[in-house]
Amino acid sequence: MVTIIKHPLIETKMSILREKSTKPKDFRQILEEIAELMAYEVFKDLEYVEDGQIETPMKEKAPKYVLKRNIILVPILRAGIGMVEGVQRIVPNAHIGVIGLTRDEKTLEPMEYYFKVPNDLEAECVLIDPMLATGGSAKFAIEALKKRGYKHIKLMCLVGCDQGIQTIETSHPEVEIYLSAKDPILNEKGYILPGLGDAGDRIFGTNAND
Ligand code: PRP
Ligand code: URA
């Protein structure tokens with residue numbers, strides 16, 4: 001269940017993100033803008049119900065629709081933070097949880113160092129991370145949510161590749177994946193090509209050359 005969200009505004013903004021000379025300030029802004037555009041598609045199947053009626057200024061009644069479930073946005077630290085504000089513009093009432101992952105230096109396997117997600121197990125959780133490379137981080141984060149009892153999980157990434165998609169489809173087939181681009185290659189160091197480099201470094205300016 002993968003949706004590649006195609007839109008002229010996303011395509012053109014993606015080129016700015018991919019361009020190596022784009023500085024962190026512009027990178028952050030464009031990333032938020034793309035996240036906001038993607039959010040329309042990510043939320044398009046949200047269930048909503050009629051909950052009474054409202055009265056219009058014309059003294060007429062109209063149905064009052066409300067979302068069936070609360071929304072929790074769950075960025076994976078740290079790069080996922082860069083997309084949250086854009087998504088929140090579309091769903092300002094969403095709650096925020098965070099999952100902090102780091103990698104074991106020897107095995108490169110993800111390890112959880114922080115988990116703080118609102119305790120609403122019926123909520124619609126949208127896991128957010130710009131990169132779906134091997135898929136190891138997203139797989140781990142989905143497991144972290146599931147083992148605490150969260151049931152409704154979507155995965156929203158900016159750029160993915162076949163390996164990452166397969167990892168999620170195999171381990172969590174019910175989780176819908178949303179991407180704005182699927183790139184052809186994952187290199188031997190686990191970087192997506194052509195990709196956009198190290199998303200965390202480009203957002204936070206941690207590489208002195210960016
Ligand atoms: C990046 C990215 C994902 C992960 C994707 O984070 O933001 O979390 O790599 O790779 P994977 O699909 O192979 O697991 P990174 O580990 O660089 O940490 P950072 O967010 O702190 O930069
Ligand atoms: N993480 C990144 O930040 N970029 C990649 O290309 C792959 C993993």
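By class, how many nonpolar, polar and charged residues does the shell around ligand 2 have? There are five nonpolar, two polar and one charged, where Ala, Val, Leu, Ile, Met, Phe, Trp, Tyr, Cys and Pro count as nonpolar, Asp, Glu, Lys and Arg as charged, and the others, Gly among them, as polar. This is a predicted model, so to speak of local features pLDDT must be at least 70, side-chain atom pairs count only at pLDDT 80 or more, and totals for chains, interfaces and linings use all residues. Residues are numbered from 1 along each chain as its sequence is written, chains are lettered from A and ligands numbered from 1 in the order in which they are written, and side-chain values use heavy atoms, with hydrogens and water left out.

**Ligand 2**

- Look around ligand 2 and you'll find Met131, Ala133, Gly190, Tyr191, Ile192, Gly197, Asp198 and Ala199 (near means a heavy atom within 4 Å).
- Backbone N or O atoms of two residues reach oxygen atoms of ligand 2: Ile192 at 2.9 Å and Ala199 at 2.8 Å.
- Gly197 puts a polar backbone atom 2.8 Å from a nitrogen atom of ligand 2 (a polar contact here is a pair of N or O atoms within 3.5 Å).
- On its own ligand 2 exposes 240 Å², and the protein buries 85% of that (Shrake-Rupley areas with a 1.4 Å probe).

**Ligand 1**

- The shell of ligand 1 holds 14 residues, with Asp129, Ala133, Thr134, Gly135 and Ser137 coming nearest.
- Thr134 has a side-chain N or O atom 2.5 Å from an oxygen atom of ligand 1.
- Two arginines also point polar side-chain atoms at oxygen atoms of ligand 1: Arg78 at 3.0 Å and Arg103 at 3.2 Å.
- Ligand 1 has 500 Å² of accessible area when alone, and the protein covers 82% of it.
- Both β8 (124-132) and α4 (136-148) give two or more residues to this shell, and β8 gives the most, with three.
- Sorted by class, the shell of ligand 1 has five nonpolar, five polar and four charged residues.

**The pocket**

- Ligand 1 takes up space in the largest pocket, and ligand 2 sits in the largest pocket too.
- A pocket is an open set of points on a 1 Å grid over the protein atoms alone, with protein on both sides within 12 Å along at least five of seven lines; to sit in one, a molecule needs more than half of its atoms within 2 Å of its grid points.

**Overall fold**

- The protein has six helices and 13 strands (DSSP runs of at least four residues for helices, H or I, and at least two for strands, E).
- Its C-alpha trace spans about 65 × 40 × 25 Å along the principal axes.

Note on methods:
A polar contact is a pair of N or O atoms within 3.5 Å; within protein, one must be able to donate a hydrogen and the other to accept it, and residues adjacent in sequence count only if both atoms are side-chain atoms. On a 1 Å grid over the protein atoms alone, a cavity is a set of points where a 1.4 Å probe fits but cannot get out, and a pocket is an open set with protein on both sides within 12 Å along at least five of seven lines; lining residues have an atom within 4 Å of a point.
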